[in-house]
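Visitor: Hi, could you walk me through this one? I am new to reading structures, so please take it slowly.

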Amino acid sequence: RQAILFAVTERVPSMKGDIGRNAREEYFAIFGIVTFFVLLLVMMQKFRFRSEHHSEGGDLGLLHERLHFWQFLSCMTISWCILSASQWMLQRWLSHMSAWSVGAAILV
């Protein structure tokens, strides 16, 4: 999460996330990253489904373990990016930091 926020905003985020004004380009970048990981997730699932159908013994072992890991990682990345975008939107609308966390929890 921190690496993605740094890549998008070009500033080091705190442990609580990115606090500050965000430009329209940063919103587009975060949603572009979400779109990329959603497409990656769909492709991995499609590959996993096809490999299960074409394997004769049904034992794909290490390949499936790695695909499973990358699917979890992609899902977590998508979730963190959506949370960050929700917090950014609330920072524009609300003035107090505690309201951002509560509002982001409700939005997500």
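Guide: Gladly, and please keep in mind that this is a predicted model. A good place to begin is the surface, where Phe69, Trp70 and Leu73 together make a nonpolar patch of about 310 Å².

Visitor: Okay, where does Phe69 sit, and is it buried or exposed?

Guide: Phe69 belongs to helix H3, which covers residues 62–93. Its relative accessible area is 48%, so Phe69 counts as partly exposed, a class that lies between under 20% for buried and over 50% for exposed.

Visitor: And what about Trp70?

Guide: Trp70 is in helix H3 too, and because its relative accessible area is 45%, Trp70 is also classed as partly exposed. If you look for Leu40, which is 30 residues away from Trp70 in sequence, you will find the two C-alpha atoms 9.3 Å apart in space.

Visitor: Then there's Gln71. Buried or exposed?

Guide: Gln71, which again lies in helix H3, is buried, because its relative accessible area is 8% and the cut-off for buried is under 20%.

Visitor: So which residues does Gln71 touch?

Guide: If we set aside the neighbours within four places in sequence, Gln71 is in contact with Leu41, Met44, Gln45 and Arg48. From the same part of the chain you can also pick out Val42, whose C-alpha atom is 9.1 Å from that of Gln71, although the two residues are 29 apart along the chain.

Visitor: Let me zoom out. How many helices and strands are there?

Guide: The protein has 4 helices and 0 strands, and when you read along the sequence the pattern is α-α-α-α.

Visitor: How much of the protein is buried?

Guide: Of its 108 residues, 31% count as buried. As for the outside, the protein exposes about 7600 Å², and 67% of that area is supplied by carbon and sulfur atoms.

Visitor: What share of the contacts is between residues far along the chain from each other, say 24 or more positions?

Guide: If we take the contacts with a separation of 6 or more, 54% of them are between residues 24 or more positions apart.

Visitor: Can we look at H1? Which residues are buried there?

Guide: In helix H1, which runs through residues 2–9, the buried residues are Ile4, Leu5, Val8 and Thr9. They lie on the same side of H1, because the arc they cover around the axis is only 110°. Ala3 and Ala7, by contrast, are exposed on the other side of H1.

Visitor: What comes just after H1?

Guide: Just after H1 you reach Glu10, which takes a positive phi of about 60°.

Visitor: Last topic, cysteines. How many disulfides are there?

Guide: A search of the whole structure finds 0 disulfides.

Visitor: And are Cys75 and Cys81 buried or exposed?

Guide: They fall into separate classes: Cys75 is partly exposed, because its relative accessibility is 35%, whereas Cys81 is buried, because its relative accessibility is 4%.

Note on methods
Residues numbered from 1 in each chain as written. Predicted model: local features only at pLDDT ≥ 70, side-chain atom pairs only at ≥ 80, totals over all residues. Heavy atoms only, no water. Patch = residues over 30% accessible without salt bridge, like charges linked within 9 Å, V, L, I, M, F, W, Y side chains within 5 Å. Areas by Shrake-Rupley, 256 points an atom, 1.4 Å probe, with all protein chains shown as cover. Salt bridge = Lys/Arg side-chain N within 4 Å of Asp/Glu carboxyl O. Helix = DSSP H or I, 4+ residues; strand = E, 2+ residues; numbered from the N terminus. Buried < 20%, exposed > 50% of the residue type's maximum accessible area, 1.4 Å probe, protein only. Contact = heavy atoms within 4.5 Å. Arc of directions from axis to C-beta. Disulfide = S-S within 2.5 Å.
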